[in-house]
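Student: Could you take me through one part of this model up close, and then show me how the rest of the chain fits around that picture? I'd like one connected walk-through rather than a list.

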Amino acid sequence: MNTSLPPAEELALIDHELVRLDARRLYLLGRRDWLLRLLYSPAPAGAPGWGPAPGRAPAPGPAGTTGTASAKDASAPSAQNVLLVLGAVLLAVAALAFTLVSWGSLGIGGRSAVLAVVTAAALAAPVLLLRRGLRSTAESVAALGLLLTVLDAYALYAVAAADLDGTAYAAGAAASLAALWAGYGSALARGGPPGLRLPVPAAVLAAQLPLPLAVLAADGGPVAVGWALLATAAADVAPALWARTDAAGTRVLPAVLAAVLGAGALLLGTAVSWSAASPGGAVAPAALLLAGAALGVAAAWR
């Protein structure tokens, strides 16, 4: 314990070091509190007043933790998850009670109305979930809502359009669902929190069906089906080539679908051309093959 410094100077040095360590500890505690609020608070990092107040440190708890703020921030996501689970359980109980008591007495119109209300609720819930930062839950609920819209389309057919041709109705329903899903995904992505990843790719998948189904409903031959497939592939090429980003599956998925549909159109054209009984019968499939080749060259050139 013997040093070369006089006791008074050594005591002053020790006091200085203790003051410096206390200041450093206060800074680190304030920084820790700021980081906790950055992780769990919905406010953006650049908002005014964001960060620890100067000259004030949070009260340390056991083992150097910040007692009140740390417990509050750590419990926020847990509280949200508990409330979400309780809400889902209550919804399941209500649905079970309704099914057991009232579903059998409803006609197809009443069931369709109930299904429409549930669909609207399932499509509106992701908006609130995204604002709470529950992105995965919002994606799951949105997937359920998109599936319910398909059931709504079938219910509408059973209630009001049973006399229509099923294939023609399916073509119109696919086009309507594609437009609805694309608009829904775009509306969620416009302003506010980041949107969902599922609606736009689902709309792209649904958009593959209207033209081929419409041709089948009109009793078109293989060449007409091939033209429908090729036209759909050409529509897929546009977003695959000109979309700026693939954040919502707007480039890779259309490119894959365009390749698949284009290959199907070329196979149909080749098969019809191969089985043609005369040169005149091979003109239409040859035109289809030429159009497919032109589309492929244009896409490759781009």
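Tutor: Arg-37 is partly exposed, with a relative accessible area of 22%. Bear in mind that this is a predicted model. The partner of Arg-37 is Asp-33, and the two form a salt bridge in which the closest N and O atoms are 3.3 Å apart. Asp-33 itself counts as buried, at 10% relative accessibility. The cut-off matters here, because buried means under 20% relative accessible area: Asp-33 at 10% falls below it, while Arg-37 at 22% does not. Both residues sit in helix α1, four residues apart, which is about one turn of the helix.

Stay on that helix for a moment. The structure holds two salt bridges, and the other pairing joins the side chains of Glu-17 and Arg-20, at 2.9 Å from N to O. Helix α1 covers residues 7-40, and Glu-17 and Arg-20 are three residues apart in it, so about one helical turn separates them. Here each partner is partly exposed: Glu-17 has 31% relative accessibility and Arg-20 has 46%. As a general point, side chains of opposite charge can pair when their charged atoms come close.

Helix α1 has a greasy side to its story too. Ile-14, Leu-18 and Leu-21 make a nonpolar surface patch of about 270 Å². Of these, Ile-14 is placed in helix α1 and counts as partly exposed, at 41% relative accessibility.

Now zoom out to the whole chain. There are 10 helices and zero strands, so to speak of the fold here is to speak of helices and what links them. Of the 302 residues, 26% are buried. Among contacts with a separation of 6 or more, 61% are between residues 24 or more positions apart. The accessible surface comes to about 18600 Å², and carbon and sulfur atoms account for 71% of that.

Next, the inside. The largest nonpolar core has 16 residues, and those with the most contacts inside it are Ala-138, Leu-146, Trp-181, Tyr-184 and Leu-196. Helices α3 (108-131), α4, α5 and α6 (199-206) each supply at least two residues of this core. Helix α5 gives the largest share, five residues. Tyr-184 is a good one to click on: leaving aside neighbours within four places in sequence, Tyr-184 is in contact with Leu-123, Pro-126, Ala-142, Leu-146, Leu-196 and Pro-199. There is also a second, separate core of 11 residues, which includes Leu-229, Leu-230, Leu-261 and Leu-288.

Which residue of helix α3 is worth a look alongside these? Try Thr-119, which lies in that helix. Thr-119 is buried, with a relative accessible area of just 4%. Leaving out neighbours within four places in sequence, the contacts of Thr-119 are Gly-145, Leu-148, Thr-149 and Asp-152.

Then there are the aromatic rings. The structure holds one aromatic pair. Its members are Tyr-157 and Tyr-169, with ring centres 4.8 Å apart and planes at 40°, so the pair is tilted. Tyr-157 lies in helix α4 (residues 135-160) and Tyr-169 in helix α5 (residues 166-189), so the pair ties together parts that are 12 residues apart in sequence. Tyr-169 counts as buried, with 18% relative accessibility.

Last stop, the stretch around helix α7. In α7, the residues Pro-210, Pro-212 and Val-215 are buried. After α7 comes Asp-219, which has a positive phi of about 60° although it is not a glycine. Most residues other than glycine have a negative phi, which is why the backbone there deserves a second glance. Asp-219 is placed in the loop between α7 (210-217) and α8 (222-242). Asp-219 is also exposed, with a relative accessible area of 69%.

To come back to where we began: Asp-33 is buried, Arg-37 is partly exposed, and the two are joined by a salt bridge within helix α1.

Terms used:
Residues numbered from 1 in each chain as written. Predicted model: local features only at pLDDT ≥ 70, side-chain atom pairs only at ≥ 80, totals over all residues. Heavy atoms only, no water. Salt bridge = Lys/Arg side-chain N within 4 Å of Asp/Glu carboxyl O. Buried < 20%, exposed > 50% of the residue type's maximum accessible area, 1.4 Å probe, protein only. Phe/Tyr/Trp six-rings, centres within 6.5 Å; stacked < 30°, edge-to-face > 60°. Core = buried A, V, L, I, M, F, W, Y, C linked by side-chain atoms within 4.5 Å. Contact = heavy atoms within 4.5 Å. Patch = residues over 30% accessible without salt bridge, like charges linked within 9 Å, V, L, I, M, F, W, Y side chains within 5 Å. Areas by Shrake-Rupley, 256 points an atom, 1.4 Å probe, with all protein chains shown as cover.
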